[in-house]
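Please open the structure in your viewer and keep the selection tool at hand. The tour below proceeds from the whole chain to single helices and then to pairs of side chains.

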Amino acid sequence: MYLKKIFIILFCLFFYGRYCFANQTIEAENNAFRHNNQGILYLKEKYYFGAIKEFKIAIDLLPNSQATAVYYSNLGRTYEEIGYPELARPCFEKAVSINVLCFDYYLKLAQNYKKLDIVNEKLLEFQNKTDSPLSQIMVGLLFIQKGDVSTGVTVLDDFCDKEPNLLITIGIKEYLSQITKTL
């Protein structure tokens with residue numbers, strides 16, 4: 001009887017003891033992902049304050065990662081939904097600077113510039129930037145946002161011809177096919 005109790009205690013310690021001494025490391029990447037997902041749920045429920053808080057927590061947990069561009073984009077989208085495009089602007093600009101090969105961020109930024117009525121100002125700024133061929137994406141999108149669709153399509157098509165192997169080119173081509181259907 002005594003031996004049986006010892007065996008049961010050892011058995012319990014062996015199989016369940018590892019849960020008492022579990023690894024307590026905090027995975028910032030996983031937590032940031034969870035906070036972003038919670039923010040998306042809040043955004044769908046139109047609980048904007050909660051969504052903004054969750055996206056900011058996700059950004060704070062993982063500030064220097066390519067995934068953070070998604071969090072900034074979601075935060076900017078939330079600001080725009082509640083009518084604050086001026087607060088969304090730095091979020092979209094940061095998303096573009098973190099992940100320069102995601103076309104969706106460029107498109108959201110160009111649309112934000114249109115909401116802020118600074119398309120002409122930004123168009124001149126990006127036309128003068130010759131250090132990066134990626135600035136031509138913004139030039140094309142800003143022409144389209146300005147209403148000069150044919151010039152914008154030409155600039156974006158020219159970019160696709162010059163840079164056919166970039167990942168962003170696929171997104172631009174899809175966008176161009178949508179735009180040309182409406183013409």
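Begin with the whole chain of this predicted model. Among its contacts between residues at least 6 apart in sequence, 47% join residues at least 24 apart. Colour the chain by secondary structure: ten helices appear, and zero strands. Read along the sequence, the pattern is therefore α-α-α-α-α-α-α-α-α-α.

Now rotate the C-alpha trace, which spans about 90 × 35 × 30 Å along its principal axes. The chain has a radius of gyration of 24 Å, whereas a compact globule of 183 residues would have one near 16 Å. Of the 183 residues, 37% count as buried.

**Stop 1: helix α8**

Select residues 135-146, which form α8. How far apart are the end C-alpha atoms of α8? They are 16 Å apart, which agrees with the 16 Å that twelve residues should span at 1.5 Å a residue. Helix α8 is mostly covered, with ten of its twelve residues buried. Among them are Ser135, Met138, Val139, Gly140 and Leu141. The buried residues of α8 pack against α6 (103-115), α7 (119-128), α9 and α10.

Next, select Ile137 within α8. Its relative accessibility is 0%, so Ile137 counts as buried. Leaving out residues up to four places away in sequence, Ile137 touches Phe103, Tyr106, Leu156, Phe159, Ile168 and Ile172. Display Phe126 as well: Ile137 and Phe126 are eleven residues apart along the chain, and their C-alpha atoms are separated by 9.2 Å.

Move on to Phe143, also placed in helix α8. Phe143 has a relative accessible area of 13% and is buried. Which residues does Phe143 contact, leaving aside its neighbours within four places in sequence? They are Leu123, Gln127, Asp148, Val149, Thr151, Gly152 and Val155. For a view across the model, show Phe143 together with His35: these residues are 108 apart along the chain, and 36 Å separates their C-alpha atoms.

Before leaving this helix, select Gly147, which follows α8 and has a positive phi, near 110°.

**Stop 2: helix α9**

Select residues 149-162, the 14 residues of helix α9. At 1.5 Å a residue they should span 20 Å, and the end C-alpha atoms are indeed 20 Å apart. Highlight Gly152, Val153, Val155, Leu156, Phe159 and Cys160, which are buried. These residues lie on the same side of α9, because they cover an arc of only 160° around the axis. The buried residues of α9 pack against α8 (135-146) and α10 (167-182). Turn the helix over: the face directed away from the buried side carries the exposed residues Thr154, Asp161 and Lys162.

**Stop 3: Val119 in helix α7**

Select Val119, found in helix α7. At 9% relative accessibility, Val119 counts as buried. Leaving aside its neighbours within four places in sequence, Val119 is in contact with Tyr113, Lys114, Leu142, Gln145 and Lys146. Add Ile172 to the display: Val119 and Ile172 are 53 residues apart in sequence and 19 Å apart in space, C-alpha to C-alpha.

**Stop 4: charged side chains**

Side chains of opposite charge can pair when their charged atoms come close. How many salt bridges does a search of the whole structure find? The search finds five.

- Select Glu93 and Arg89, which form a salt bridge with the closest N and O atoms 3.1 Å apart. Being four residues apart in helix α5 (residues 85-98), they are separated by about one helical turn.
- Select Glu125 and Lys122, whose side chains meet in a salt bridge (3.0 Å, N to O). Glu125 is partly exposed, with a relative accessible area of 32%, whereas Lys122 counts as buried at 6%.
- Select Asp158 and Lys162, a salt bridge with its closest N and O atoms 3.3 Å apart. Both residues lie in helix α9, four residues apart. Asp158 is partly exposed, with a relative accessible area of 36%, and Lys162 is exposed, with 59%.

Finish with Glu54, in helix α3 (residues 48-61). Glu54 is buried yet has no salt bridge. Where is the nearest side chain of opposite charge to Glu54? That side chain belongs to Lys53, 10.0 Å away. Leaving aside neighbours within four places in sequence, Glu54 is in contact with His35, Gln38, Gly39 and Tyr42.

Methods:
Residues numbered from 1 in each chain as written. Predicted model: local features only at pLDDT ≥ 70, side-chain atom pairs only at ≥ 80, totals over all residues. Heavy atoms only, no water. Helix = DSSP H or I, 4+ residues; strand = E, 2+ residues; numbered from the N terminus. Buried < 20%, exposed > 50% of the residue type's maximum accessible area, 1.4 Å probe, protein only. Lys, Arg positive; Asp, Glu negative; His and termini not counted. Salt bridge = Lys/Arg side-chain N within 4 Å of Asp/Glu carboxyl O. Contact = heavy atoms within 4.5 Å. Expected span 1.5 Å × (residues − 1). Arc of directions from axis to C-beta. Rg over C-alpha atoms; globule rule 2.2 N^0.38 Å.
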